[in-house]
Amino acid sequence: APAKEEAKAPEGLIHRVGLADFKAAMKEGIQLVDVRTPEEFEAGHIESALNYNVNGPDFVSQVESLDKSKTVMLYCKSGGRSARAAKQLQEMGFMTIYDLEGGFTDWSQE
């Protein structure tokens with residue numbers, strides 16, 4: 001019998017939001033990922049964030065450990081790297097992704 005064509009998973013949603021909406025979406029136990037370098041992370045980060053460097057060689061294997069059915073929230077310095085990370089997570093099958101526009105720069109200025 002011919003192999004069944006694999007059904008393509010529905011694409012997850014990327015919500016690119018500003019600081020207020022990002023904070024509003026943050027809940028207890030959220031999967032919060034800082035995609036900057038370890039050096040940037042050390043210098044200051046959002047409490048409870050995991051540091052998975054989007055430019056690092058281990059990024060894909062690190063995010064594979066997250067729950068794809070649960071919301072993942074991403075940020076970087078200003079929004080460039082997190083947008084790239086969001087696209088990658090979407091392609092990997094994550095269903096709900098929040099990307100902080102303005103990044104940690106906006107967060108730390110509050």
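How much area does the protein expose, and what share of it do carbon and sulfur atoms supply? I found about 6,500 Å² exposed, with 51% supplied by carbon and sulfur atoms; accessible areas come from the Shrake-Rupley method with a 1.4 Å probe, and for residues only the protein chains shown count as cover.

I noted that this is a predicted model, in which local features need pLDDT of at least 70, side-chain atom pairs count only at pLDDT 80 or more, and totals for chains, interfaces and linings use all residues. Residues are numbered from 1 along each chain as its sequence is written, and side-chain values use heavy atoms, leaving out hydrogens and water.

I looked up burial next. Of the 110 residues in the protein, 41% are buried (under 20% relative accessible area, 1.4 Å probe, protein chains only).

I then listed the elements, taken as DSSP runs (helices H or I, at least four residues; strands E, at least two) numbered from the N terminus. There are 5 helices and 5 strands, running β-α-β-α-β-α-β-α-β-α from the N terminus.

I followed the sheet: it is open and parallel, in the order β1-β5-β4-β2-β3, where strands pair if DSSP finds at least two bridges between them. β1 (13-17) and β3 (50-51) each have a single partner strand, so one side of each lacks a neighbour in the sheet.

I checked one pairing within the sheet. Strand β2 (residues 31-34) runs parallel to β4 (residues 72-75), joined by 4 bridges; Asp-34 has Tyr-75 in β4 as its bridge partner.

Methods. Buried means under 20% relative accessible area, exposed over 50%, partly exposed in between (1.4 Å probe, protein chains only).
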